[in-house]
Amino acid sequence: MTKRNTTLGEFIIENQDSFQYSSGELSKLINAIRLAAKVVNHEVNKAGLIDILGAAGDTNIQGEEQQKLDVFAHDKFIQTLTNREIVCGIASEEEDDFISINSNDERHQNKYVVLIDPLDGSSNIDVNVSVGTIFSVYRRVTPIGTPVTLEDFLQPGNKQVAAGYVVYGTSTMLVYTTGDGVNGFTLNPALGTFYLSHPDMKFPETGKIYSVNEGNYVHFHQGIKDYIKYCQQEEDDRPYTSRYIGSLVSDFHRNMIKGGIYMYPKTKITQSGKLRLLYECNPMAFIAEQANGIAIGGKTRIMDIEPTELHQRVPFFCGSRKMVEKLQEFLEKYQ
Ligand code: AHG
Ligand code: MN
Ligand code: MN
């Protein structure tokens, strides 16, 4: 039984053997993410003090304006993972193509690829509201020692070996799973150490929070509109409370602790929704399911979707089991 004041470093070592493919490589990978998270955290915390705010003047592949911290976080995670030669490939929301890492050292024949949303909720940076980082880890499918290909990245979420997020909030937390439950670690900024603060995290079976950008209401399909009205009805334990930060990581984190449902539906305008399957939905779905929650894209389980492109978007509904099941009933009426 892990003690509550266990550090993340100790936890990684203690739990290394429980991971079925354990060779220490995944532990090194989580350690590298821990390090990059601390560096990004430092930068996020001083964002209001220095001239790092504002757009970098560039747009990413999805045509969205990039903020300087997006670029910084992307660079830090890529550098940390590349310099330590612990993965064979990385794909980032902020870069059009994947990066292949060819190690010159025969001993470093790495088998993992990482997909990352380096800074999630970037529209919140300038206004001092919580942002995050999301990561997802797969074993490569092409032979070890050869350059990675697109095939290594386009794997369904059910093939993930690890996933997690960092939330840079009122305190900074790293939450992750390797398929054996979900654990959350809080950073003690004075010591620069993450401590196990939330062991074995679970979504409550049901909750009273619904999170959706209701500004898009007129564009939603009828099933979603009806479900939102259901959330607002005065009956049983309703009306529910509406909470929407606009950072998936923060909205998800709150809902996992308090019980709730997060929705980013497709609309009559955006046929596939906004969130990215590989960088956002799959890792959050893996964490959700490991925490007794559900994540669907409509009819299908998010983690069973076969990806067709790196920056693919899908509708996303995720949260407490009973709430997502209720939503499903509404969606089925119109299918
Ligand atoms: P990112 O900052 O990585 O582009 O992600 C933003 C995402 C997600 O974090 C959030 O839940 C959603 O976009 C908010 O979208 P709306 O502003 O359309 O509600
Ligand atoms: Mn994002
Ligand atoms: Mn992002």
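## Briefing: a predicted chain and its ligand

Strand 11 (residues 209-211) runs parallel to strand 13, and 3 bridges join the two; here strands pair if DSSP finds at least two bridges between them. Helices (H or I, at least four residues) and strands (E, at least two) are DSSP runs, numbered from the N terminus. This is a predicted model, in which local features need pLDDT of at least 70, side-chain atom pairs count only at pLDDT 80 or more, and totals for chains, interfaces and linings use all residues. Residues are numbered from 1 along each chain as its sequence is written, chains are lettered from A and ligands numbered from 1 in the order in which they are written, and side-chain values use heavy atoms, with hydrogens and water left out.

**The whole chain**

- The protein chain has 8 helices and 15 strands.
- Its radius of gyration is 19 Å, close to the 20 Å that the globule rule gives for 335 residues, so the chain is as compact as a globular protein of that length. The radius is taken over C-alpha atoms, and the globule rule is 2.2 Å times the number of residues to the power 0.38.
- The C-alpha trace spans about 60 × 45 × 40 Å along its principal axes.

**The sheet with strands 11 and 13**

- Strands 11 and 13 belong to an open sheet of 5 strands, in the order 12-11-13-15-14 and with mixed pairing.
- At the edges are strand 12 (241-242) and strand 14 (294-296), each of which pairs on one side only.
- I209 has G260 of strand 13 as its bridge partner.
- Strands of a sheet pair through backbone hydrogen bonds, either parallel or antiparallel.

**The sheet of 8 strands**

- Another open sheet has 8 strands in the order 4-3-5-6-7-8-9-10, and its pairing is mixed too.
- Its edge strands are strand 4 (99-100) and strand 10, and each pairs on one side only.
- Strand 6 (residues 131-139) and strand 7 (residues 160-168) run antiparallel and are joined by 8 bridges. The bridge partner of V131 in strand 7 is Y168.
- Strand 9 (residues 182-188) and strand 10 (residues 193-198) also pair in the antiparallel sense, over 5 bridges. In strand 10, H198 is the bridge partner of G184.
- Strands 9 and 10 form a hairpin with 4 residues between them, and G192 in the turn has a positive phi of about 70°.

**The surroundings of ligand 1**

- There are 17 residues around ligand 1, of which D120, N213, Y244, Y262 and Y264 come nearest. A residue is near a molecule if one of its heavy atoms lies within 4 Å of it.
- Polar contacts are pairs of N or O atoms within 3.5 Å; within protein, one atom must be able to donate a hydrogen and the other to accept it, and residues adjacent in sequence count only if both atoms are side-chain atoms.
- An oxygen atom of ligand 1 lies 2.6 Å from an N or O atom in the side chain of D120.
- For the side chain of N213, the distance from an N or O atom to an oxygen atom of ligand 1 is 2.8 Å.
- K274 has a polar side-chain atom 2.9 Å from an oxygen atom of ligand 1.
- Taken alone, ligand 1 exposes 470 Å², and the protein buries 86% of that. Accessible areas come from the Shrake-Rupley method with a 1.4 Å probe; for residues, only the protein chains shown count as cover.
- Strand 5 (112-120) and strand 13 (260-264) are the elements that give two or more residues to the shell around ligand 1. Strand 5 gives the most, with 3 residues.
- Domain 1 (8-198) and domain 2 (209-334) each supply at least three residues of the shell; the domain bounds come from an automatic or database domain assignment.

**The loop between helix 5 and strand 12**

- P239 lies in the loop between helix 5 (222-232) and strand 12, and a cis peptide bond with omega of about 10° joins R238 and P239.
- D236 is also placed in the loop between helix 5 and strand 12. Although D236 is not a glycine, its phi is positive, at about 50°.
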